[in-house]
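Trainee: Please choose one part of this chain and take me through it closely. I should like the terms defined as they arise.

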Amino acid sequence: MVQAIPPIQADCTEKTHRSLLSRPAVRRLVPFALITAIALVFIFENRSSVEIRLLIPMVTMPLWGALLIAWALGVLACVFTVRRRSSRHSRRRG
């Protein structure tokens, strides 16, 4: 008597692969990366010096530096807002 060996099931041996854009983290990261790239190109194309009033003192600096500082402050505000919103939602559930 010869016993038949059951065939190997394909779903057990192969891991299911999802496309890169179907992952939620990547879908959130792509717009941020695109906007960041456009903003950085805009920032570094504006290289002239400008005078900026900081409440009382007048500061002369390259425009790209001022734009980079404003962009960084905007990113920090976004990070703090998203972190605060996610921690607030986690407290409601638990």
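Mentor: W64 counts as partly exposed, at 32% relative accessibility; buried means under 20% relative accessible area, exposed over 50%, and partly exposed in between, with a 1.4 Å probe and protein chains only. The model is a predicted one, in which local features need pLDDT of at least 70 and side-chain atom pairs count only at pLDDT 80 or more, whereas totals for chains, interfaces and linings use all residues. Residues are numbered from 1 along each chain as its sequence is written, and side-chain values use heavy atoms, leaving out hydrogens and water.

W64 lies in helix 3, which covers residues 63-93 and is the part I have chosen. Helices here are DSSP runs of H or I with at least four residues, strands are runs of E with at least two, and both are numbered from the N terminus. The chain has 3 helices and 2 strands, in the order α-α-β-β-α from the N terminus. W64 and S48 are 16 residues apart in sequence, yet their C-alpha atoms are 7.8 Å apart in space.

Further along helix 3 is L73, which is exposed, with a relative accessible area of 53%. L73 belongs to a nonpolar surface patch together with I69, L76, V79 and F80, and these residues have about 480 Å² of accessible area together. Such areas come from the Shrake-Rupley method with a 1.4 Å probe, and for residues only the protein chains shown count as cover. Patch residues have over 30% relative accessible area and no salt bridge; nonpolar side chains (Val, Leu, Ile, Met, Phe, Trp, Tyr) are joined within 5 Å, and like charges within 9 Å. A salt bridge is a side-chain nitrogen of Lys or Arg within 4 Å of a carboxyl oxygen of Asp or Glu.

V79 also lines the largest pocket, along with R28, L29, F32, G74, V75, C78 and V82. The elements that give two or more residues to this lining are helix 2 (24-45) and helix 3, and helix 3 gives the most, with 5 residues. A pocket is an open set of points on a 1 Å grid over the protein atoms alone, where a 1.4 Å probe fits, with protein on both sides within 12 Å along at least five of seven lines; lining residues have an atom within 4 Å of a point. About 350 Å³ of space lies in the largest pocket.

Methods. Grid points are joined across faces, edges and corners, and a volume is the space filled by probe spheres set on the points.
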